[in-house]
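Reader: Please take a close look at one buried polar site in this model and then connect it, step by step, to the rest of the chain. I should like a single continuous account.

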Amino acid sequence: MDQTFDLKGKRVFVAGHRGMVGSALVRRLAGEDCEILTVARSELDLLDQAGVRRWISEHRPDAVVMAAAKVGGILANDRFPVDFLYENLAMQTNVIEAAFRSEVQKLLFLGSSCIYPKLAPQPIPEDALLTGPLEPTNEWYAVAKIAGLKLCQAYQRQYGVDYISAMPTNLYGPGDNFDLNGSHVVPALMRKSHEAKRTGQKTLQVWGSGRPMREFLHVDDAADALVWLLKNYAGDSHVNVGSGQDVTIADLARTMLSVVGCEAAVAFDPTKPDGTPRKLMDVSRLFATGWRPKYSLRGGLEQTYAWFLDHVEKGQIRFGQSR
Ligand code: GFB
């Protein structure tokens with residue numbers, strides 16, 4: 001199969017364009033010679049199958065990037081299993097099926113590194129999928145994402161269409177969710193360090209033991225890799241998208257304090273879950289293409305903190321309930 005998909009003159013629908021990943025994709029796609037299609041949630045609810053079919057058949061995209069998802073950090077995943085399983089299954093199935101009905105040529109589905117078994121070999125190759133039990137705190141989300149990538153594979157096998165999947169690692173950056181109950185670790189520690197600095201707190205509360213390791217990728221790097229895949233990849237297997245490097249949560253916390261300029265000491269809260277011990281992805285398939293991330297972790301955190309400060313000042317970051 002010809003691996004390339006020329007974006008020139010194409011109509012590309014970014015589903016989920018208000019989210020952190022979707023908005024980064026829109027920024028990145030603005031540099032391509034294509035027309036970007038988006039739709040507000042008030043106009044189209046992706047849980048509405050008939051509505052999705054109608055919208056896609058009316059707007060006739062040539063390509064679809066499925067960046068809409070119900071996402072959250074470790075506690076939100078654990079607390080809202082129905083939302084994470086049902087909403088993701090429904091939204092992704094509606095979009096993928098409607099795309100096929102409307103003869104969309106290319107589709108890119110986005111998953112997550114949590115699709116892999118809890119105790120997968122490190123770094124985790126793509127073929128570790130479905131070789132062992134999942135991490136319990138995020139199995140609902142992982143099951144939905146595995147179903148999504150399998151649905152794309154099924155459409156490829158049964159109908160020969162160019163529907164591919166990418167599995168990004170833990171992402172962070174502008175547009176992230178800073179609500180401490182639902183957020184991932186980077187925005188949570190950024191906000192908590194910022195508040196500790198502002199109020200002169202002596203400690204920064206870090207959930208769990210600080211020992212788990214995570215791989216982080218700035219969302220603009222992720223968007224760049226995703227557009228690269230959209231243009232150049234047409235394989236059957238999903239592709240890992242990461243930085244190829246991980247850090248302990250304790251080290252992340254210390255780096256965050258330094259980026260924010262906060263002198264608080266790190267204090268661990270063992271009543272909160274650690275989640276999976278490590279999930280460094282094997283990114284050799286992606287790196288073999290020559291693609292590399294542009295941001296170091298520290299550089300990415302500095303860029304994100306600058307964005308955070310700017311948006312806090314403008315009152316554009318709405319904090320949920322802080323705990
Ligand atoms: O980012 P996070 O919520 O998600 O947590 P996962 C990563 C690690 O950071 C865990 C620790 O060990 C947390 O205990 N951590 C420390 C904190 N302090 C905090 C804090 O204040 N807030 C948060 N949220 N964590 C998610 C999955 O797993 O990763 C999703 O639940 C998805 O399904 C996503 O796959 C990428 O990396 O553990």
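**A buried acidic residue and its wider setting**

Author: Leaving aside neighbours within four places in sequence, Asp269 is in contact with Gln205, Val206, Trp207 and Gly208. The model is a predicted one. Asp269 belongs to strand β11, which spans residues 265-269. Its relative accessibility is 15%, and because buried means under 20%, Asp269 counts as buried. The side chain of Asp269 also makes a polar contact of 2.5 Å with the side chain of Thr271.

A second acidic residue, Glu135, can be described in the same terms. Glu135 is placed in the loop between β4 and α5 (139-159). With 5% relative accessibility, Glu135 is likewise classed as buried. The side chain of Glu135 is joined to that of Lys118 by a polar contact of 2.7 Å. When neighbours within four places in sequence are set aside, the residues in contact with Glu135 are Lys118, Gly275 and Thr276.

The loop that holds Glu135 has further features of its backbone. Pro123 is found in this loop between β4 and α5, and the peptide bond joining Gln122 and Pro123 is cis, with omega about -10°. Leu130 has its place in the loop between β4 and α5 as well. Phi of Leu130 is near 60°, a positive value in a residue other than glycine. Leu130 counts as exposed, at 58% relative accessibility, whereas Glu135 counts as buried. Elsewhere, in the loop between α2 (49-59) and β3, Arg60 has a positive phi of about 45° although it is not a glycine. Arg60 is partly exposed, with 44% relative accessibility.

From these polar sites the account passes to the nonpolar interior. The largest nonpolar core has 74 residues, and Leu25 and Tyr163 are those with the most contacts inside it. Helix α7 (residues 219-232) gives the most to this core, contributing 8 residues. Apart from this core lies another of 22 residues, among them Ile249, Leu252, Met256 and Leu301. Tyr163, not counting residues up to four places away in sequence, touches Ile96, Ala99, Phe100, Val104, Gln105, Lys106, Leu107, Cys152, Tyr155 and Gln156.

Leu25 leads to helix α1, where it is one of the buried residues; the others are Met20, Val21, Gly22, Ser23, Ala24 and Leu29. Because 7 of the 10 residues of α1 (residues 20-29) are buried, this helix is largely enclosed by the rest of the structure. The cover over the buried residues of α1 includes β1 (11-15), β2 (35-37), β3 (63-66), β4 (106-110), β6 (170-172) and α7.

Charged pairs are found in this region too. The salt bridges in the model come to 18. In one of them, the side chains of Glu32 and Arg28 meet at 3.0 Å, N to O. Glu32 is buried, with a relative accessible area of 16%, while Arg28 is partly exposed at 24% relative accessibility. Arg28 and Glu32 also take part in a network of salt bridges that links them with Asp224, Lys231 and Lys294.

Another salt bridge pairs Lys8 with Asp33, whose closest N and O atoms are 3.5 Å apart. This pair links distant parts of the chain, 25 residues apart: Lys8 is in the segment before β1, and Asp33 is in the loop between α1 and β2. Lys8 is exposed, with a relative accessible area of 56%.

Helix α4 provides a further salt bridge, in which the side chains of Glu97 and Arg101 meet at 2.7 Å, N to O. Glu97 and Arg101 are 4 residues apart in α4, so about one helical turn separates them. Glu97 is buried, with a relative accessible area of 16%. Val82 also has its place in α4 (residues 81-101), but Val82 is exposed, with a relative accessible area of 60%. Together with Leu47 and Tyr86, Val82 makes a nonpolar surface patch of about 290 Å².

Terms used
Residues numbered from 1 in each chain as written. Predicted model: local features only at pLDDT ≥ 70, side-chain atom pairs only at ≥ 80, totals over all residues. Heavy atoms only, no water. Patch = residues over 30% accessible without salt bridge, like charges linked within 9 Å, V, L, I, M, F, W, Y side chains within 5 Å. Areas by Shrake-Rupley, 256 points an atom, 1.4 Å probe, with all protein chains shown as cover. Salt bridge = Lys/Arg side-chain N within 4 Å of Asp/Glu carboxyl O. Helix = DSSP H or I, 4+ residues; strand = E, 2+ residues; numbered from the N terminus. Buried < 20%, exposed > 50% of the residue type's maximum accessible area, 1.4 Å probe, protein only. Core = buried A, V, L, I, M, F, W, Y, C linked by side-chain atoms within 4.5 Å. Contact = heavy atoms within 4.5 Å. Polar contact = N/O pair within 3.5 Å; in protein donor to acceptor, adjacent residues only side chain to side chain.
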